[in-house]
Amino acid sequence: LRATAMKRDIPVVSGCQIAKEKYGDNSLSLADLSESKNYGDTADFVLGILRTASMVQNSLYGLQGLKFRSTNFSSDRLIFDFDPQYMRIENDRASTL
C-alpha cells in the first residue's frame with residue numbers, strides 16, 4: 001500500500017491499536033503502538049487520540065502528536081469537542097491534558 005501511494009503521490013491514512021495497558025491514559029508514545037512497531041518507523045506523521053474517563057464523561061477528546069518526520073517535533077497535545085452528527089471538531093481548546 002505504501003509503495004502504491006508513493007508511486008501515485010497520494011496520502012495513506014491508517015489506524016492501529018495501542019497496548020491495552022495504555023487505555024484511558026493521558027499520554028502516548030510510539031512504543032505504545034501494539035499492532036506493529038513498524039508503523040512508527042515508516043510513517044511520516046503519527047497522531048494519538050486520547051480519552052480518559054473524565055474526558056468520556058464530558059464528551060471530550062485529546063489529540064497528541066507522536067511523530068512528524070520533517071520537523072523539529074515536541075509532543076504537543078490539545079483537547080477538543082467532537083460533534084458526531086456533523087463529523088467535525090468544535091471548541092478547540094489551547095489547554096493541555
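How much area does the protein chain expose, and what share of it do carbon and sulfur atoms supply? Let's work through this and two more exercises on this predicted model.

**Exercise 1. Describe the surface and the burial of the chain.**

Step 1: Start on the outside. The exposed area of the protein chain is about 7,200 Å², and carbon and sulfur atoms supply 51% of that area.

Step 2: Now look inside. A residue counts as buried when its relative accessible area is under 20%. By that cut-off, 24% of the 97 residues in the protein chain are buried.

**Exercise 2. Trace the fold from the N terminus.**

Step 1: List the elements. The protein chain has 3 helices and 4 strands.

Step 2: Put them in order. Starting at the N terminus, you meet α-α-β-α-β-β-β.

Step 3: Check how contacts span the sequence. Take the contacts between residues at least 6 apart in sequence; 25% of these join residues at least 24 apart.

**Exercise 3. Explore the largest pocket and find out which element gives the most to its lining.**

Step 1: Begin with the space. The largest pocket holds about 1,100 Å³. It is lined by 32 residues, and Val12, Val13, Ser14, Ala43 and Phe45 are the closest to its centre.

Step 2: Find the contributing elements. Helix 1 (2–8), helix 2 (38–42), strand 1 (45–50) and strand 2 (60–68) each provide at least two lining residues. Strand 1 gives the most, with 6 residues.

Step 3: Sort the lining by chemistry. You should find 21 nonpolar, 5 polar and 6 charged residues.

Technical notes:
Residues numbered from 1 in each chain as written. Predicted model: local features only at pLDDT ≥ 70, side-chain atom pairs only at ≥ 80, totals over all residues. Heavy atoms only, no water. Buried < 20%, exposed > 50% of the residue type's maximum accessible area, 1.4 Å probe, protein only. Contact = heavy atoms within 4.5 Å. Areas by Shrake-Rupley, 256 points an atom, 1.4 Å probe, with all protein chains shown as cover. 1 Å grid on protein atoms, 1.4 Å probe; cavity = no way out; pocket = protein on both sides within 12 Å on 5 of 7 lines; lining within 4 Å. Points joined across faces, edges and corners; volume = space filled by probe spheres on them. Nonpolar A, V, L, I, M, F, W, Y, C, P; charged D, E, K, R; others polar.
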